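Look at the model shown here and follow its strands first. Then turn to what lies between and around them.

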Amino acid sequence: MYNIILGAHISEKATVIAEESNQITFKVSKDATRPEIKEAIETIYGVNVTGVTVMNVKGKVKRNVRGTSRKPGWKKAYVRLENGQDIDFASAN
C-alpha cells in the first residue's frame, strides 16, 4: 500500500480543490491503477473514497549554462472523499 501512495501533493490549486469539492491530491506510483489507489487510501487513512481521477504530469524542461535538461514526469491522483470526511495528515499512520 505504501508503495502506491508516495505522498500528498500540496499546492495552491490542490488546496482550492480540497476546500471546494472535498478532493485530496496525492503523488502516486506511475504504474498505480484507480482501484489500487482507492484501496490504498481507504486502508491507510480509514476514509471512504467515492472517486479517483488520475493524471500524468510531464516533467518540465529546465535550461542552465550547460544546456537543457528534463525533470522526471510523475503521476497524481485526485481522490474524492464522502461528504463529511477529511484526512488529517498529522495523525495518519
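Strand S1, residues 5-8, runs antiparallel to strand S2, and three bridges join the two. One contact point is easy to find: Ile5 has Val28 of S2 as its bridge partner. Keep in mind that this is a predicted model.

S2 has a second neighbour. It pairs with S6 in the antiparallel sense over six bridges. Here Val28 turns up again, standing opposite Lys75 in S6. S4 (residues 61-64) and S5 (residues 67-70) form another antiparallel pair, with four bridges. A hairpin of two residues links S4 to S5. Within this pair, Lys62 has Ser69 of S5 as its bridge partner.

The table collects the three pairings.

| Strand pair | Direction | Bridges | Example of facing residues |
|---|---|---|---|
| S1 and S2 | antiparallel | three | Ile5 and Val28 |
| S2 and S6 | antiparallel | six | Val28 and Lys75 |
| S4 and S5 | antiparallel | four | Lys62 and Ser69 |

Is S2 mostly covered or mostly uncovered? It is mostly covered, with five of its six residues buried. In soluble globular proteins, nonpolar side chains tend to be buried together.

Now for the core. The largest nonpolar core holds 17 residues. Those that touch the most other members are Ile5, Phe26, Ile37, Ile41, Val79, Leu81 and Ile87. Four elements each supply at least two residues of this core: strand S2 (23-28), helix H2 (34-45), strand S3 (49-57) and strand S6 (74-81). H2 gives the largest share, four residues.

Ile87 deserves a closer look. Which residues does Ile87 touch, leaving aside those up to four places away in sequence? They are Ile24, Phe26, Ile41, Tyr45, Val47 and Leu81. Of these, Phe26 lies in the range of S2 and Ile41 in that of H2.

Last comes the largest pocket. Its volume is about 160 Å³. The lining has 13 residues, and Ile10, Ala14, Ala18, Ile24 and Phe89 lie nearest the centre. Helix H1 (12-21) and S2 are the elements that give two or more residues to this lining. H1 gives the most, with three. What classes of residue line the largest pocket? The lining has seven nonpolar, five polar and one charged residues.

One element links these topics. S2 pairs with S1 and with S6, supplies residues to the core, and helps to line the largest pocket.

Methods
Residues are numbered from 1 along each chain as its sequence is written. This is a predicted model: local features need pLDDT of at least 70, side-chain atom pairs count only at pLDDT 80 or more; totals for chains, interfaces and linings use all residues. Side-chain values use heavy atoms; hydrogens and water are left out. A nonpolar core is a set of buried Ala, Val, Leu, Ile, Met, Phe, Trp, Tyr and Cys residues joined through side-chain atoms within 4.5 Å. Buried means under 20% relative accessible area, exposed over 50%, partly exposed in between (1.4 Å probe, protein chains only). Contact means heavy atoms within 4.5 Å. On a 1 Å grid over the protein atoms alone, a cavity is a set of points where a 1.4 Å probe fits but cannot get out, and a pocket is an open set with protein on both sides within 12 Å along at least five of seven lines; lining residues have an atom within 4 Å of a point. Grid points are joined across faces, edges and corners, and a volume is the space filled by probe spheres set on the points. Ala, Val, Leu, Ile, Met, Phe, Trp, Tyr, Cys and Pro count as nonpolar, Asp, Glu, Lys and Arg as charged, and the others, Gly among them, as polar. Two strands pair if DSSP finds at least two bridges between them.
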